[in-house]
Amino acid sequence: MNNTLDLVAYGPVIPVIVIDRLEDAVPIAQALVDGGVRVLEVTLRTPVALHCMEAIARAVPGAVLGAGTVRSVADAQAAKNAGCVFAVSPGYTSQIGNACREIGLPLLPGTATGSEVMQANADGYHFLKFFPATQAGGIPMLKALAGPFTDVVFCPTGGITLATAPQFLALPNVKVCGGSWLTPADAVAAKDWARITQLAKEASALPRG
Ligand code: 3PG
């Protein structure tokens, strides 16, 4: 994969996944892939995250594996070493944008304001995460950003659910959205992989505008 915009072709939703136990990594990833969701964002929020990425990269060939919560150049390099083919950052700095380009790791950078969008654009990034989407203005904000930023495509993430995703996906400047609702903590605790597959099927069937 050369460009994060390629991710759009796989489906309308990118699951944001927090994995606390290494043993859950492969079953979670396989359950999502079985439900038709192949692009997976595993967040760097737990001590086992990098090991989870390695395990998924090895055992779930259908997954297009990315690292979320990439906050530093070291995070980006570690994610790439663990087998990730893209990175997602919660915010944007030129340092992270340039570093990801240098190591050949496509980046979906987080933005929430016009200034952040402009900085990412100046560094060559036009497919951007809008985070935290609901809290930062939601659909009215995305509509407002469409005015000046006619060449920017967003992946809103944060506070989105199966019920609200269609409203985001209907916007012309949104091609995909992210969320953690596909991997509920109670389903993971119960090892209810069938439920995660079902949630993935519902997410992959969501219409886009
Ligand atoms: C995150 O980075 O935590 C994502 O935005 C997920 O947010 P959500 O849990 O509200 O879906």
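Modeller: Before we start, one term: contact means heavy atoms within 4.5 Å of each other. The model above is a predicted one.

Biologist: Then let's use that term. Which elements do the buried residues of helix 4 pack against?

Modeller: They pack against helix 3 (73-81) and strand 5, going by contacts of that kind. The buried residues in helix 4 (residues 94-103) are Ile96, Gly97, Ala99 and Cys100. Just after helix 4 comes Gly104, with a positive phi of about 75 degrees.

Biologist: What makes spacings like those in a helix worth a look?

Modeller: An α-helix has 3.6 residues a turn, so residues three or four places apart point the same way.

Biologist: Let me step back. How many helices and strands does the chain have?

Modeller: Nine helices and nine strands.

Biologist: And why is the chain called as compact as a globular protein of its length?

Modeller: Set the value against the rule: the radius of gyration is 16 Å, and the globule rule gives 17 Å for 209 residues; the two are close, so the chain earns that description. Its C-alpha atoms fill a box of roughly 45 × 35 × 25 Å along the principal axes. Of the 209 residues, 52% count as buried. As for contacts between residues at least 6 apart in sequence, 61% join residues at least 24 apart.

Biologist: On to the sheets. In what order do the six strands of the open sheet come?

Modeller: The order is 5-4-3-2-1-9, and the pairing is parallel. Strand 5 (107-108) and strand 9 (177-179) are the edge strands, as each pairs on one side only.

Biologist: How do you know that strand 1 and strand 2 pair?

Modeller: Pairing takes at least two bridges. Strand 1 (residues 13-17) and strand 2 (residues 39-43) have two bridges, in the parallel sense, so by that cut-off they pair. If you want a spot to look at, Val16 stands opposite Glu41 in strand 2.

Biologist: There is another sheet, with three strands. What makes strand 6 and strand 8 edge strands there?

Modeller: That open sheet has the order 6-7-8, with parallel pairing. Strand 6 (110-111) and strand 8 each have a single partner strand, so one side of each is left without a neighbour in the sheet. Strand 6 meets strand 7 over two bridges, while four bridges join strand 7 (residues 127-130) to strand 8.

Biologist: Which residues stand opposite Phe130?

Modeller: Thr111 stands opposite Phe130, and so does Pro156 in strand 8.

Biologist: Phe130 catches my eye. Why is its pair with Phe154 called edge-to-face?

Modeller: By the ring rule, the count comes to two aromatic pairs. For Phe130 and Phe154, the ring centres are 6.2 Å apart, inside the 6.5 Å limit, and the planes sit at 70 degrees, over the 60 that edge-to-face needs, so the name fits. The pair links distant parts of the chain, with Phe130 in strand 7, Phe154 in strand 8, and the two positions 24 residues apart. Both Phe130 and Phe154 are buried.

Biologist: Which way does Phe154 point from strand 8?

Modeller: Phe154 and Pro156 point one way, Val153 and Cys155 the other, and all are buried. That matches a general habit: in a regular strand the side chains alternate between the two faces of the sheet.

Biologist: What do strand 7, helix 6 and strand 8 make together?

Modeller: A right-handed β-α-β unit, with helix 6 covering residues 138-146. In the loop between strand 7 and helix 6 lies Pro132, and the peptide bond from Phe131 to Pro132 is cis, with omega near -10 degrees.

Biologist: What makes a cis bond or a positive phi stand out?

Modeller: Most residues other than glycine have a negative phi, and most peptide bonds are trans. Phi of Thr69 is near 60 degrees, and phi of Lys191 is near 55 degrees.

Biologist: Why is Thr69 called buried?

Modeller: Its relative accessible area is 15%, and the cut-off is under 20%, so Thr69 is buried. Thr69 lies in the loop between strand 3 (64-68) and helix 3.

Biologist: And why does Lys191 count as partly exposed?

Modeller: Lys191 has 37% relative accessibility; buried needs under 20% and exposed needs over 50%, so Lys191 falls in between. Lys191 lies in the loop between helix 8 (185-189) and helix 9 (193-204).

Key. Residues are numbered from 1 along each chain as its sequence is written. This is a predicted model: local features need pLDDT of at least 70, side-chain atom pairs count only at pLDDT 80 or more; totals for chains, interfaces and linings use all residues. Side-chain values use heavy atoms; hydrogens and water are left out. Buried means under 20% relative accessible area, exposed over 50%, partly exposed in between (1.4 Å probe, protein chains only). A crossover is right-handed if, with the strands pointing away from the viewer, the path from the first strand over the helix to the second runs clockwise. The radius of gyration is taken over C-alpha atoms; the globule rule is 2.2 Å times the number of residues to the power 0.38. Rings of Phe, Tyr and Trp (its six-membered ring) pair if their centres lie within 6.5 Å; planes under 30 degrees apart count as stacked, over 60 as edge-to-face and the rest as tilted.
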